[in-house]
Amino acid sequence: MTVSVDSTTSTTENQPAPVSASAPASTPASAAVPAGEAEALRPHAEHAFAAELAALAAQDDRPRPARWRLSPWAVATYLLGGTLPDGTVISPKYVGPRRIVEVAVTTLATDRALLLLGVPGTAKTWVSEHLAAAVSGDSTLLVQGTAGTPEEAIRYGWNYAQLLAHGPSRDALVPSPVMRAMADGMTARVEELTRIPADVQDTLITILSEKTLPIPELGQEVQAVRGFNLIATANNRDRGVNDLSSALRRRFNTVVLPLPESADAEVDIVSRRVDQIGRSLDLPAGPEGIDEIRRVVTVFRELRDGVTTDGRTKVKSPSGTLSTAEAISVVTNGLALAAHFGDGVLRPGDVAAGILGAVVRDPAADRVIWQEYLEAVVRERDGWKDFYRACREVSA
């Protein structure tokens with residue numbers, strides 16, 4: 001017997017995309033922000049960018065896979081940005097090679113699951129959230145992988161009050177996000193897959209190969225309907241708790257998200273995300289801060305690559321990853337310092353402490369590497385004297 005989870009099937013026709021609180025006044029009232037999202041510190045992607053999703057859906061005349069809100073072309077445009085025929089500007093959510101996004105999107109349109117692989121800070125979670133939002137209109141069908149993630153988080157659990165009172169039944173079953181996605185033909189997400197214990201990971205094998213989730217206690221099963229797929233993320237540097245078994249790895253199409261190719265691309269990414277985060281926190285947007293953003297990115301890239309930008313000086317790399325995500329955090333914290341304890345303009349002293357915290361993870365080895373970098377590179381660089389003094393002050 002085949003059963004389905006009680007919920008409404010998601011289709012483009014019967015579920016218009018919601019609209020964020022920042023959407024223009026001309027946005028249809030039917031796309032209003034759900035209760036609680038307007039004041040959310042970090043709205044889900046489908047709400048924060050609902051106006052863009054609605055504009056894409058309205059002008060998207062290309063074929064759409066079953067139960068997709070947008071065509072694959074429109075999903076790629078949503079992630080990479082562009083201008084629609086009516087002049088609507090779609091902001092880029094991911095700055096990187098277009099082909100990577102196209103492969104990821106087309107994978108979701110097939111029967112193979114998608115594994116986003118990369119070093120920490122390469123926007124794996126960010127990309128998976130926006131892919132789910134654009135494809136299914138719901139990025140919340142999420143399993144967060146940890147060393148303690150149980151099998152029930154991927155398959156299903158039980159309402160023990162109902163179970164004790166009436167025995168195993170459909171009313172006592174608690175569906176997981178993956179089970180709900182299978183029944184509704186939507187996109188499920190599994191974050192940090194390699195942190196999940198190996199025996200729990202392998203719960204996905206039957207789901208991804210047979211597109212079926214057995215419920216032996218009831219003698220039933222849930223079969224995935226068209227539109228279902230799964231996006232998983234994993235780090236290839238921070239190896240996590242368990243590597244994927246070869247059987248599970250074969251069920252995924254793996255897409256590696258690289259670090260930004262150039263300093264300009266990384267500065268662009270950091271600037272965009274800091275601007276978005278700053279607006280949500282009511283922090284001032286100072287164009288003068290671009291110099292400090294570029295400085296933070298330069299420091300991170302040089303320490304990460306083990307050589308200065310001009311290629312003349314080799315430097316030692318610290319134990320931390322010094323990812324783009326960490327650069328965003330350093331700059332955002334600097335903006336908060338400038339706003340609340342300065343004149344609102346991002347300066348070297350506002351980012352120095354954040355950089356120190358990001359670089360010096362191992363107090364013994366990393367501190368020596370940081371001091372050597374300050375003296376050999378930062379001290380001698382034109383226009384960096386204020387930054388050098390600020391770093392020396394917080395490093396003392």
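In this tour, Ala, Val, Leu, Ile, Met, Phe, Trp, Tyr, Cys and Pro count as nonpolar, Asp, Glu, Lys and Arg as charged, and the others, Gly among them, as polar. The model on screen is predicted.

**Stop 1: the cavity**

Select Leu79, Tyr94, Ile100, Val101, Ala104, Leu116, Val127, Leu131 and Leu257, and show them as sticks; these residues line the largest cavity. The elements giving two or more residues to that lining are helix 4 (98-108) and helix 5 (124-136). Colour helix 4 next, since the largest share of the lining, three residues, comes from helix 4. Sorted by class, the lining has nine nonpolar residues, with no polar and no charged ones. The space inside the largest cavity is about 50 Å³. How many cavities of 30 Å³ or more does the structure hold? There is one.

**Stop 2: Arg273 on helix 11**

Now select Arg273, which sits in helix 11 (residues 263-280). Add Lys93 and draw a C-alpha to C-alpha distance: the two residues are 180 apart in sequence and 9.1 Å apart in space. Then show Trp126 and Ile328. Arg273 is in contact with both of them, leaving aside its neighbours within four places in sequence.

**Stop 3: helix 11 against helix 12**

Keep helix 11 in view and add helix 12 (residues 290-305). The axes of helix 11 and helix 12 come within 9 Å and cross at roughly 125°. An angle over 115 degrees but not over 145 falls outside the roughly perpendicular and roughly antiparallel ranges, so helix 11 and helix 12 are oblique to each other. Helix 11 passes helix 12 in a right-handed crossing.

For the contact itself, select Ala263, Asp264, Glu266, Val267, Val270 and Ser271 on the helix 11 side. Their partners in helix 12 are Ile290, Ile293, Arg294, Val297, Arg301 and Arg304. The residues of this contact divide into six nonpolar, one polar and five charged.

**Stop 4: helix 12 against helix 15**

Stay with helix 12 and bring in helix 15 (residues 365-378). The two pack at an angle of about 115°, with axes 12 Å apart. Helix 12 is therefore roughly perpendicular to helix 15. The crossing of this pair is right-handed.

Which residues should be selected where helix 12 and helix 15 meet? On helix 12, take Thr298, Val299, Glu302 and Leu303; on helix 15, take Trp370, Tyr373 and Val377. By class, the contact of helix 12 with helix 15 has five nonpolar residues, one polar and one charged.

**Stop 5: helix 14 against helix 16**

Finally, select helix 14 (residues 348-359) and helix 16 (residues 385-395). Their axes lie 8 Å apart, and the helices pack at an angle of about 50°. Helix 14 and helix 16 are therefore oblique to each other. Look along the pair to see the crossing, which is right-handed.

Show the side of helix 14 made of Pro348, Gly349, Val351, Ala352, Ala353, Ile355 and Leu356. These residues meet Asp386, Phe387, Ala390, Cys391, Val394 and Ser395 in helix 16. Coloured by class, this contact shows ten nonpolar, two polar and one charged residues.

Methods: Residues are numbered from 1 along each chain as its sequence is written. This is a predicted model: local features need pLDDT of at least 70, side-chain atom pairs count only at pLDDT 80 or more; totals for chains, interfaces and linings use all residues. Side-chain values use heavy atoms; hydrogens and water are left out. On a 1 Å grid over the protein atoms alone, a cavity is a set of points where a 1.4 Å probe fits but cannot get out, and a pocket is an open set with protein on both sides within 12 Å along at least five of seven lines; lining residues have an atom within 4 Å of a point. Grid points are joined across faces, edges and corners, and a volume is the space filled by probe spheres set on the points. Helices (H or I, at least four residues) and strands (E, at least two) are DSSP runs, numbered from the N terminus. Axes are lines fitted to C-alpha atoms, for helices over the stretch in contact, and angles run from 0 to 180 degrees between N-to-C directions. Angles under 35 degrees count as roughly parallel, over 145 as roughly antiparallel, 65 to 115 as roughly perpendicular and the rest as oblique. A crossing is left-handed if the near helix is turned anticlockwise from the far one by less than a right angle, and right-handed if clockwise. Contact means heavy atoms within 4.5 Å.
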